[in-house]
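Colleague: I am new to reading models of this kind, and I would like to go through one slowly with you. Could you show it to me before I start asking?

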Amino acid sequence: MKTFHISHVRTQSAGFTLIELMISLVLGLLISAAVMQVYIVSTRTATVQQSASEVQDSAIFSLQAIEDHIRLANLGNPISNIKDTTNHGGIVLTAANLGTTNATDAKYFTTSADSTGWTGLSNVTGVESDQLTIQYKNVTSSSLYDCEGAEVQKDSPDWVVERYFVRKAIGGADTDLVLACAAGRVDEDGQIITAFTGAGEVIIPAVDQFKVLLGTLADVSQLSYLPASTYLELTDKPAITTVKLGMIVRSDTPLIEDPESSLLAADKGKFTILGAEQKLKADSVNKVRYRRSYESTIVLRSARVMSVTGLKSNVKS
């Protein structure tokens, strides 16, 4: 009879101690935190770059187009001295500038924030936006296009009127402001052919403020920049030769950071426009957005003013 012997082999399994598990957990958390930090920084950087690109696309290129249009002011007018009484003057300050029979409300003319009866929308605390209204006639050899894209045929007898102003974006919140332009036509006497009092077309889609100063040449060596209201109060009004624009443009993409601390920070909540410091309102509706201020000085080509200071005689007595 055979006998079978069963051998029992004892195996030992090695495991992790509690200290090893704790060390592994801590190292994993540190690595995860480092990865998350790199991700957040990368995302924030990408967001800032995208926001900056949006501002540049909407502001720089649009501002160049605005400059080209404003340079047309007073084109076709034989009178080069632009004042508030100049018939079809390039800078529209009064109804007299549009023609003898025009009766358009003054709120549609070039107006500054402190003008009576004017309320220019703005996201800046206590400071309203300005409005700029210009006028020209196409006397060139080719067609032009107004700020709304409508064709202005060469040798057209009508005067083109363009009004640049800030309004609320259609369907947007109260703080969603845009810079728009409404274009119209008037005849030689000032009768309205096409109204320039509507909502117009969006020129810059995200704007917090729009400011305008009129450059006046008092004499050959003195160029002064004045708000429209100040200019209209002058007794002896000098000719307007330049226009200075200032605006705060923002991005549509919100930045990834704390809205409260960023918006109220001194370097992000304050801007200097045309020599004046502007402070943004506390924005409780929109998240923090990338913002930049822009300024531009535009010389009116058809508003040349020549000053003669003295003549030296060559005749000997």
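Colleague: How many helices and how many strands make up the secondary structure of the protein chain?

Modeller: Please keep in mind from the start that this is a predicted model. Helices and strands here are DSSP runs, numbered from the N terminus. Counted in that way, the secondary structure of the protein chain comes to 4 helices and 13 strands.

Colleague: What percentage of the residues of the protein chain count as buried?

Modeller: A residue is called buried when its relative accessible area is under 20%. With that cut-off applied to the 317 residues of the protein chain, the share that counts as buried is 42%.

Colleague: Among contacts between residues at least 6 apart in sequence, what percentage join residues at least 24 apart?

Modeller: A contact here means that heavy atoms lie within 4.5 Å. When the contacts in the protein chain between residues at least 6 apart are taken, the part that joins residues at least 24 apart is 65%.

Colleague: Which strand gives the most residues to the largest nonpolar core?

Modeller: The largest nonpolar core has 40 residues, and those that touch the most other members are Ile91, Leu132, Phe210, Leu214, Val243, Leu245 and Leu300. Leu132 touches, among others, Ile91, Phe210, Val243 and Leu245, when residues up to four places away in sequence are not counted. As for the strand you ask about, the one that gives the most to this core, with 5 residues, is strand 10.

Colleague: How many residues does the other core have, the one that lies apart from the largest?

Modeller: Among the members of this other core are Leu98, Tyr108, Val161 and Val186. Its number of residues is 8.

Colleague: How many residues apart in sequence are the two partners of the salt bridge between Asp84 and Lys237?

Modeller: The side chains of Asp84 and Lys237 meet in a salt bridge, with 4.0 Å from N to O. Asp84 counts as buried because its relative accessibility is 14%, and Lys237 counts as buried because its relative accessibility is 15%. Asp84 lies in the loop between helix 1 and strand 1, whereas Lys237 lies in the loop between helix 2 and strand 10, so that the pair links distant parts of the chain, and the separation is 153 residues.

Colleague: Is Asp146, which forms a salt bridge with Arg185, buried or exposed?

Modeller: In this salt bridge the closest N and O atoms of Asp146 and Arg185 are 3.0 Å apart. Asp146 lies in the loop between strand 2 and strand 3 and Arg185 in strand 5, so the pair ties together parts that are 39 residues apart in sequence. Arg185 is buried, and Asp146 is likewise buried.

Colleague: Which residues are linked with Asp208 and Arg250 in a network of salt bridges?

Modeller: The structure holds 9 salt bridges, and in one of them the closest N and O atoms of Arg250 and Asp208 are 3.1 Å apart. This pair links strand 10, where Arg250 lies, with strand 8, where Asp208 lies, across 42 residues. Arg250 counts as buried because its relative accessibility is 6%, and Asp208 is buried with a relative accessible area of 0%. The residues linked with these two in the network are Asp176 and Arg291.

Colleague: What distance separates the C-alpha atoms of Tyr290 and Arg250?

Modeller: Tyr290 has its place in strand 13, and at 23% relative accessibility Tyr290 counts as partly exposed. Along the chain, Tyr290 and Arg250 are 40 residues apart, while the separation of their C-alpha atoms is 5.5 Å.

Colleague: With which residues is Leu63 in contact, leaving aside its neighbours within four places in sequence?

Modeller: Leu63 has its place in helix 1, and at 8% relative accessibility Leu63 counts as buried. Leu63 and Tyr294 are 231 residues apart in sequence, yet their C-alpha atoms are 8.9 Å apart in space. With the neighbours within four places left aside, the contacts of Leu63 are Met247, Tyr294 and Ser296.

Colleague: Which strand gives the most to the lining of the largest pocket?

Modeller: The largest pocket holds about 220 Å³ of space and is lined by 15 residues, of which Ala113, Val127, Asp130, Lys211 and Pro227 lie nearest its centre. By class, this lining has 8 nonpolar, 3 polar and 4 charged residues. The elements that give two or more residues to the lining are strand 8 and strand 12, and the one that gives the most, with 3 residues, is strand 8.

Methods
Residues are numbered from 1 along each chain as its sequence is written. This is a predicted model: local features need pLDDT of at least 70, side-chain atom pairs count only at pLDDT 80 or more; totals for chains, interfaces and linings use all residues. Side-chain values use heavy atoms; hydrogens and water are left out. On a 1 Å grid over the protein atoms alone, a cavity is a set of points where a 1.4 Å probe fits but cannot get out, and a pocket is an open set with protein on both sides within 12 Å along at least five of seven lines; lining residues have an atom within 4 Å of a point. Grid points are joined across faces, edges and corners, and a volume is the space filled by probe spheres set on the points. Ala, Val, Leu, Ile, Met, Phe, Trp, Tyr, Cys and Pro count as nonpolar, Asp, Glu, Lys and Arg as charged, and the others, Gly among them, as polar. Buried means under 20% relative accessible area, exposed over 50%, partly exposed in between (1.4 Å probe, protein chains only). A nonpolar core is a set of buried Ala, Val, Leu, Ile, Met, Phe, Trp, Tyr and Cys residues joined through side-chain atoms within 4.5 Å.
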